Amino acid sequence: QLHLVESGGGLVQSGDSLRLSCIGRGYNMDHYAIGWFRQVPGKEREAISCSSYKDTSTSFADAVKGRFTFSRDTDTVKNAVYLQMNGLKPEDTGVYYCAAQFSYNENWCRTARGTHDYNDWGQGTQVTVSP
């Protein structure tokens with residue numbers, strides 16, 4: 001099982017940027033489709049981004065398109081993925097989770113993916129954006 005640990009959350013002001021990190025332990029994250037999710041109290045965990053094996057297919061929620069980007073650093077010992085969040089808004093507030101699903105399907109993210117599609121999850125990192 002891939003063990004995931006997120007970091008990089010915090011309290012920022014509207015318009016600021018944050019970069020969330022998700023470090024994997026146990027397996028090379030290149031072999032996984034990666035999703036980022038956000039959850040606010042009282043609501044279901046929602047998908048923010050999805051990136052397939054080789055990042056061939058990627059998708060972002062409409063609410064973050066153009067502001068959030070995804071990247072991997074798996075060629076080094078870091079074995080990490082990142083969610084760069086620019087132009088943050090108060091509605092971006094929530095706990096952010098990275099998730100992984102072992103898959104060599106490069107088209108995996110061409111289908112909308114939910115929480116049930118991923119086997120491995122991190123513990124989450126809180127992002128709070130003040131007005």
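Met 85 is a good place to step into this predicted model. Leaving aside residues up to four places away in sequence, Met 85 touches Asp 16, Ser 17, Leu 18, Leu 20, Arg 67, Phe 68, Tyr 96 and Val 127. Two of those neighbours, Phe 68 and Tyr 96, appear again beside Met 85 in the list of residues with the most contacts inside the largest nonpolar core, together with Ile 34, Trp 36 and Leu 83. That core has 23 residues. Strands β3, β4 (32–39), β7 (68–73), β8 (80–85), β9 and β11 each supply at least two residues of this core. If you colour those strands in your viewer, you can follow how the core is put together. A second, separate core of 7 residues is also present, and Cys 50, Ala 99, Trp 108 and Tyr 118 are among its members.

Cys 50 brings us to the disulfides. How many disulfides does a search of the whole structure find? The search finds 2. In one of them, the sulfur atoms of Cys 22 and Cys 98 are 1.9 Å apart. Cys 22 belongs to strand β3 (residues 18–25) and Cys 98 to strand β9 (residues 94–102), so this disulfide ties together parts of the chain that lie 76 residues apart in sequence. The link is right-handed, with 45° about the S-S bond, and both Cys 22 and Cys 98 are buried.

The other disulfide joins Cys 50 to Cys 109, with an S to S distance of 2.0 Å. Here Cys 50 sits in strand β5 (residues 46–51), while Cys 109 is in the loop between β9 and β10 (120–121), so the bond connects parts that are 59 residues apart in sequence. The link of Cys 50 and Cys 109 is left-handed, with -70° about the S-S bond. Cys 50 and Cys 109 are both buried. If you number the bonded cysteines in sequence order, the pairing reads 1-3, 2-4.

From Cys 98 it is an easy step to Asp 120, which has Cys 98 among the residues it touches. Asp 120 is found in strand β10. Its other contacts, again not counting residues up to four places away in sequence, are Gln 1, Leu 2, Leu 4, Tyr 32, Ala 99 and Ala 100. Which side chain of opposite charge is nearest to Asp 120, and how far away is it? The nearest is Arg 72, 11 Å away, and Asp 120 is buried yet has no salt bridge. What Asp 120 does have is a polar contact of 3.4 Å between its side chain and that of Gln 1.

Arg 72, for its part, has a partner elsewhere. Arg 72 forms a salt bridge with Asp 55, and the closest N and O atoms are 2.6 Å apart. This pair links distant parts of the chain, with Arg 72 in strand β7 and Asp 55 in the loop between β5 and β6 (58–60), 17 residues apart. Arg 72 counts as buried because its relative accessibility is 17%, below the 20% limit. Asp 55, at a relative accessible area of 30%, is partly exposed.

The full count comes to 8 salt bridges. One of these is formed by the side chains of Asp 62 and Lys 65, at 3.1 Å from N to O. Asp 62 has 66% relative accessibility and counts as exposed. Another salt bridge pairs Arg 113 with Asp 117, whose closest N and O atoms are 3.7 Å apart. In this pair Arg 113 is partly exposed, with a relative accessible area of 22%, whereas Asp 117 is buried at 17%. Salt bridges that share partners also join Arg 38, Glu 46, Arg 67 and Asp 92 into one network. You have already met Arg 67 as one of the residues that Met 85 touches.

We can end our walk at Pro 131, in the segment after β11 (125–130). Is Pro 131 buried or exposed? Pro 131 is exposed, with a relative accessible area of 88%. Not counting residues up to four places away in sequence, Pro 131 touches Ser 14 and Pro 90. Ser 14 is 117 residues from Pro 131 along the chain, and the C-alpha atoms of the two are separated by 5.3 Å.

Methods: Residues are numbered from 1 along each chain as its sequence is written. This is a predicted model: local features need pLDDT of at least 70, side-chain atom pairs count only at pLDDT 80 or more; totals for chains, interfaces and linings use all residues. Side-chain values use heavy atoms; hydrogens and water are left out. A disulfide is a pair of cysteine sulfur atoms within 2.5 Å. Helices (H or I, at least four residues) and strands (E, at least two) are DSSP runs, numbered from the N terminus. Buried means under 20% relative accessible area, exposed over 50%, partly exposed in between (1.4 Å probe, protein chains only). Contact means heavy atoms within 4.5 Å. Lys and Arg count as positive and Asp and Glu as negative; His and the chain ends are not counted. A salt bridge is a side-chain nitrogen of Lys or Arg within 4 Å of a carboxyl oxygen of Asp or Glu. A polar contact is a pair of N or O atoms within 3.5 Å; within protein, one must be able to donate a hydrogen and the other to accept it, and residues adjacent in sequence count only if both atoms are side-chain atoms. A nonpolar core is a set of buried Ala, Val, Leu, Ile, Met, Phe, Trp, Tyr and Cys residues joined through side-chain atoms within 4.5 Å.
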